[in-house]
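Subject: Handover of a structure, with findings

Dear colleague,

Please find below the structure that I am handing over to you. I should be grateful if you would keep it open while reading the notes beneath it.

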Amino acid sequence: MKKLGMIFSGFAAMVLSGCFAAPMMQMSAPEDSTTYNGMTVRLHSITDGDFGTGASASGDSSKKEFGNLSELIVDTLPELEYRIGPLDMVQVVVWEHPELTSPMGQYQPAGQKVTTDGKLFYPYAGELQAEGLTAQELRTEITKRLSDKILNAPQVDVRVTGYHSRRALVSGAVNRPGYISFDENPKTIPDAIADAGGFDETADPSVIQLRRGDKVYEIDYLDAFKTNLPLDRMLMQPNDQLFVASAEETQKEQKVYVLGEVGRIGTVNIHNGNLTLVEALSTAGGLQTLNASSHSIYVIRNTSETQLDVYHLDAKNAMALAMANKFNMNAKDIVYVDASGLATWNRIISLIYPSIQAVYYGVLTGRNIQIINSDMKDK
């Protein structure tokens with residue numbers, strides 16, 4: 001029995017000294033500003049309200065708040081003077097001279113189309129370079145030419161009746177996808193969506209993309225009101241491309257992964273661009289009561305190709321859950337709940353217990369064989 005006791009003591013010493021590794025993954029929180037595979041790691045405390053939104057921002061406060069969307073925002077809507085372009089329709093009216101206003105009578109269309117090279121022909125005024133002129137500037141030129149040739153102080157009015165030279169494309173989940181035109185009024189992003197018939201029933205307004213040149217801006221239309229994003233001061237420009245995603249498409253990508261000591265390991269969907277950390281944990285069945293460490297809840301986020309952000313929540317204090325309910329998840333975030341010390345111990349014991357039993361019964365069997373052999377010799 002002395003030998004058996006020594007074996008059990010050896011197992012206990014190995015366990016207590018940490019020589020056995022638990023059969024589980026554990027989170028080892030890195031130090032702030034360290035690097036991992038060439039990426040800078042930033043640590044944030046959700047418990048302390050550090051959501052990382054202004055960690056590395058600088059400059060004007062509005063720039064910090066809205067990120068690169070600030071490039072789309074103007075302080076006030078500009079007063080615009082529309083300048084005529086190719087394929088626009090222009091109507092010229094000469095008062096008391098219907099033969100000039102409508103020389104084709106009832107067959108006269110509501111205006112004349114500017115040619116692709118920006119020219120406009122008008123009777124007795126000849127061919128004019130209309131492109132780049134405002135309606136007032138074109139009126140002045142036509143008045144001058146008519147005065148020089150056939151009329152004395154003609155009363156001329158010029159207006160643009162068709163805007164076709166400056167356009168932007170609105171596509172995706174809207175009721176009337178296609179090109180929208182710019183007129184003399186500033187056109188904001190809400191204006192552009194309204195011109196395209198508004199969102200259709202499949203739209204996911206939380207995922208809107210604006211492409212301008214080689215830059216793409218991501219806009220969460222649903223969250224705009226919560227974050228005070230001034231959509232009514234976000235101006236469209238000619239040749240912009242605005243795309244509204246459908247919920248069916250975005251749902252494929254809008255997921256977070258919940259791992260560790262939770263009720264159900266797996267993915268949780270982000271609906272309409274909104275999911276808090278509390279909602280993600282609740283959807284995954286919450287923390288496992290016996291195994292989870294409420295001190296050690298982490299969100300791991302690939303912020304960029306060069307930066308990895310790790311957010312830590314210590315939910316031992318129930319008030320910290322209020323902060324977790326303000327923490328919004330991003331697509332493809334990883335939530336990891338670490339195991340408690342007791343869970344680690346129980347798993348170590350469950351791992352080595354079959355081995356202890358095997359050794360115990362092996363030693364016991366050997367001892368019984370020795371006793372039998374000894375009895376047989378005595379006989």
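The notes that follow begin with the chain as a whole and then turn to its sheets and to selected side chains.

Overall picture

Please bear in mind that this is a predicted model. The protein chain contains 9 helices and 17 strands. It has 379 residues, of which 35% count as buried. Its accessible surface amounts to about 22,100 Å², and carbon and sulfur atoms account for 52% of that area. As for contacts between residues at least 6 apart in sequence, 62% of them join residues at least 24 apart.

The sheet of seven strands

An open sheet is built from 7 strands, in the order β1-β2-β16-β15-β17-β13-β14, with mixed pairing. Its edge strands are β1 (34-36) and β14 (266-269), each of which pairs on one side only. From one strand to the next, the twist averages 30°.

Within this sheet, strand β15 (residues 292-302) and strand β17 (residues 334-339) run antiparallel and are joined by 5 bridges. One residue pair can be named here: isoleucine 300 has isoleucine 334 in β17 as its bridge partner.

The sheet of three strands

A further open sheet consists of 3 strands in the order β4-β3-β7, and its pairing is antiparallel. The edges are taken by β4 (112-113) and β7; each has a single partner strand, so one side of each is left without a neighbour in the sheet.

How enclosed is β3 by the rest of the structure? Of its 6 residues, 5 are buried, and β3 is therefore largely enclosed. Towards β7, strand β3 pairs in the antiparallel sense over 6 bridges. In that pairing, glutamine 91 stands opposite arginine 159 of β7, and valine 92 stands opposite valine 158 of β7. Towards β4, strand β3 is joined by 2 bridges, and these two strands also run antiparallel. Here valine 90 has glutamine 112 in β4 as its bridge partner.

A helix accompanies this sheet. Helix α4 (residues 135-149) lies across β3 and β7, and it runs at about 135° to β7.

The hairpin of β8 and β9

β8 and β9 form a hairpin, with 5 residues between them. The strands run antiparallel, and 4 bridges join β8 to strand β9 (residues 178-181). Leucine 169 stands opposite tyrosine 179 in β9. Tyrosine 179 also has a charged residue over its ring: arginine 167 lies over the face of this tyrosine, at 4.1 Å from the ring centre.

Aromatic side chains

The count of aromatic pairs comes to 4. One of them is formed by tyrosine 82 and tyrosine 163, which meet edge-to-face, at 4.8 Å centre to centre and with 85° between the planes. Where in the chain do the two partners, tyrosine 82 and tyrosine 163, lie? Tyrosine 82 belongs to the loop between α2 (61-66) and β3 (89-94), and tyrosine 163 to the loop between β7 (156-162) and β8 (167-172); the pair thus links distant parts of the chain, 81 residues apart.

Are these two tyrosines buried or exposed? Tyrosine 82 has a relative accessibility of 9% and therefore counts as buried. Tyrosine 163, with a relative accessible area of 19%, is buried because the cut-off lies at under 20%. Tyrosine 82 has a further partner, since the charged end of arginine 166 sits over its ring, 5.3 Å from the centre.

Elsewhere, ring pairs link Phe51, Tyr311 and Phe327 into a cluster.

The surroundings of valine 207

Valine 207 is located in strand β10 (residues 203-212). Its relative accessibility is 17%, so valine 207 counts as buried. Leaving aside residues up to four places away in sequence, valine 207 touches Ile219, Phe243, Val244, Ala245 and Thr250. The C-alpha atoms of valine 207 and serine 246 are separated by 8.3 Å, although these residues are 39 apart along the chain.

To return to the main points, the model contains an open sheet of 7 strands with mixed pairing and an open sheet of 3 strands with antiparallel pairing.

With kind regards

Key
Residues are numbered from 1 along each chain as its sequence is written. This is a predicted model: local features need pLDDT of at least 70, side-chain atom pairs count only at pLDDT 80 or more; totals for chains, interfaces and linings use all residues. Side-chain values use heavy atoms; hydrogens and water are left out. Two strands pair if DSSP finds at least two bridges between them. Axes are lines fitted to C-alpha atoms, for helices over the stretch in contact, and angles run from 0 to 180 degrees between N-to-C directions. Buried means under 20% relative accessible area, exposed over 50%, partly exposed in between (1.4 Å probe, protein chains only). Contact means heavy atoms within 4.5 Å. Accessible areas come from the Shrake-Rupley method with a 1.4 Å probe; for residues, only the protein chains shown count as cover. Rings of Phe, Tyr and Trp (its six-membered ring) pair if their centres lie within 6.5 Å; planes under 30 degrees apart count as stacked, over 60 as edge-to-face and the rest as tilted. A charge sits over a ring if NZ of Lys or CZ of Arg is within 6 Å of the ring centre and within 35 degrees of the ring normal.
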